[in-house]
Amino acid sequence: MKKMSLRTRVLTGAVAAAALGAGTFGAMSANASTPAAAPAAAVKADAADRNLQQSTHLTVAAATKAAQATLDAAKKENQRVSVAVVDRNGNTIVTLRGDGAGPQSPESAVRKAYTAVSWNAPTSELVKRLGQTPNLKDIPGTLFLAGGAPAQVKGAPVAGIGVAGAPSGDLDEKFAAAGVAALAR
């Protein structure tokens, strides 16, 4: 039997690996396009199971209602702001950039909303905590400026509303509070 050169062995191995990869990809693609069989019975979570946890999340409709109420409150005072509503996990549900709001305001609104829901407190209160724990501001995604307010159900945060663009954080937070109040209606 003739011994293959190193070059021939490498090329043969590469061709074999490519063929194997193409076959695997084809099989995976075929499986992905085949609809899965319907489950025989729906799986129900056992509420008594200590390994499960229930949480409450805001709907898109409710988040949009709160965001619009926030913009309306700002418009009444002739302020141009952006508003963001995030869910309990800090994921953005709705962002609205008001007419004439600055280019930095949408991102700032998201970060304020995230900060408010993360600590279940208005961001104006959290700013005060920076004196004792200045490294809080180093947490990614946060913004410790007034203008964020948590929305709560039974004391637990379900969303955060952030506003940015008014001349002061106090105004931003006032408009955020209007959005939280709209959720209670």
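**Questions on a predicted model**

Trainee: How much space lies in the largest pocket?

Mentor: The structure above is a predicted model. In this model, the space in the largest pocket comes to about 260 Å³.

Trainee: Which helix gives the most residues to the lining of that pocket?

Mentor: The lining of the largest pocket includes Gln68, Leu71, Asp72, Ala74 and Lys75, and also Asn78, Gln79, Arg80, Val81, Arg97, Gly98 and Asp99. Helix α2 covers residues 60-76. With 5 residues, the element that gives the most to this lining is α2.

Trainee: How far apart are the end C-alpha atoms of α2, and what span should its 17 residues have?

Mentor: The reasoning starts from a rise of 1.5 Å a residue, from which the 17 residues of α2 should span 24 Å. The distance between the end C-alpha atoms agrees with this expectation, because it is also 24 Å.

Trainee: Against which elements do the buried residues of α2 pack?

Mentor: A residue counts as buried when its relative accessible area is under 20%. In α2 the buried residues are Ala63, Ala66, Ala67, Ala69, Thr70, Leu71, Ala73 and Ala74. Their packing partners are β1 (82-87), β2 (92-97), β4 (156-164) and α5 (169-184).

Trainee: Where is asparagine 78 placed, and is it buried or exposed?

Mentor: Asparagine 78 follows α2 and sits in the loop between α2 and β1. Its phi is positive, near 55°, although the residue is not a glycine. Most residues other than glycine have a negative phi. Because its relative accessibility is 59%, and exposed means over 50%, asparagine 78 counts as exposed.

Trainee: In what order do the strands of the open sheet stand, and which strands are at its edges?

Mentor: The open sheet has 4 strands with antiparallel pairing, in the order β2-β1-β4-β3. Two of these strands have a single partner strand each, so one side of each is left without a neighbour in the sheet. The strands at the edges are β2 and β3 (148-153).

Trainee: By what angle are neighbouring strands of this sheet turned against each other on average?

Mentor: The direction of the strands is ignored for this value. On average, neighbouring strands of the sheet are turned against each other by 15°.

Trainee: How many bridges join β1 to β2, and which residue stands opposite valine 85?

Mentor: The strands β1 and β2 run antiparallel and are joined by 5 bridges. One facing pair is valine 83 with leucine 96 in β2. In another, the residue opposite valine 85 is valine 94.

Trainee: What angle does the direction of α2 make with that of β2, and what angle does α5 make with β4?

Mentor: Helix α2 packs on the sheet and touches β1, β2 and β4; its direction and that of β2 make an angle of about 30°. Helix α5 also packs on the sheet, where it touches β3 and β4; its direction makes with that of β4 an angle of about 140°.

Trainee: Which residue in the turn of the hairpin of β3 and β4 has a positive phi?

Mentor: The strands β3 and β4 pair in the antiparallel sense over 6 bridges, and glutamine 152 stands opposite proline 157 in β4. Their hairpin leaves 2 residues between the strands. One residue in the turn has a positive phi of about 55°, namely lysine 154.

Trainee: Is lysine 154 buried or exposed?

Mentor: Lysine 154 is found in the loop between β3 and β4. Its relative accessible area is 88%, and the cut-off for this class is over 50%, so lysine 154 is exposed.

Trainee: What phi does glycine 90 take in the hairpin of β1 and β2?

Mentor: This hairpin has 4 residues between its strands. Within the hairpin, glycine 90 takes a positive phi near 85°.

Trainee: Which residue just after α3 takes a positive phi?

Mentor: Helix α3 (residues 105-119) has 15 residues and reaches 21 Å from its first C-alpha to its last, close to the 21 Å expected. Its buried residues, among them Ser105, Ala109 and Val117, pack against β1, β2, α4 (123-129), β3, β4 and α5. Just after this helix, a positive phi of about 50° is taken by asparagine 120.

Trainee: What pattern does the protein follow along the sequence?

Mentor: The protein has 5 helices and 4 strands. Of its 185 residues, 31% count as buried. Read along the sequence, the pattern is α-α-β-β-α-α-β-β-α.

Conventions: Residues are numbered from 1 along each chain as its sequence is written. This is a predicted model: local features need pLDDT of at least 70, side-chain atom pairs count only at pLDDT 80 or more; totals for chains, interfaces and linings use all residues. Side-chain values use heavy atoms; hydrogens and water are left out. The expected span of a helix is 1.5 Å times one less than its number of residues. Buried means under 20% relative accessible area, exposed over 50%, partly exposed in between (1.4 Å probe, protein chains only). Contact means heavy atoms within 4.5 Å. Two strands pair if DSSP finds at least two bridges between them. Axes are lines fitted to C-alpha atoms, for helices over the stretch in contact, and angles run from 0 to 180 degrees between N-to-C directions. On a 1 Å grid over the protein atoms alone, a cavity is a set of points where a 1.4 Å probe fits but cannot get out, and a pocket is an open set with protein on both sides within 12 Å along at least five of seven lines; lining residues have an atom within 4 Å of a point. Grid points are joined across faces, edges and corners, and a volume is the space filled by probe spheres set on the points.
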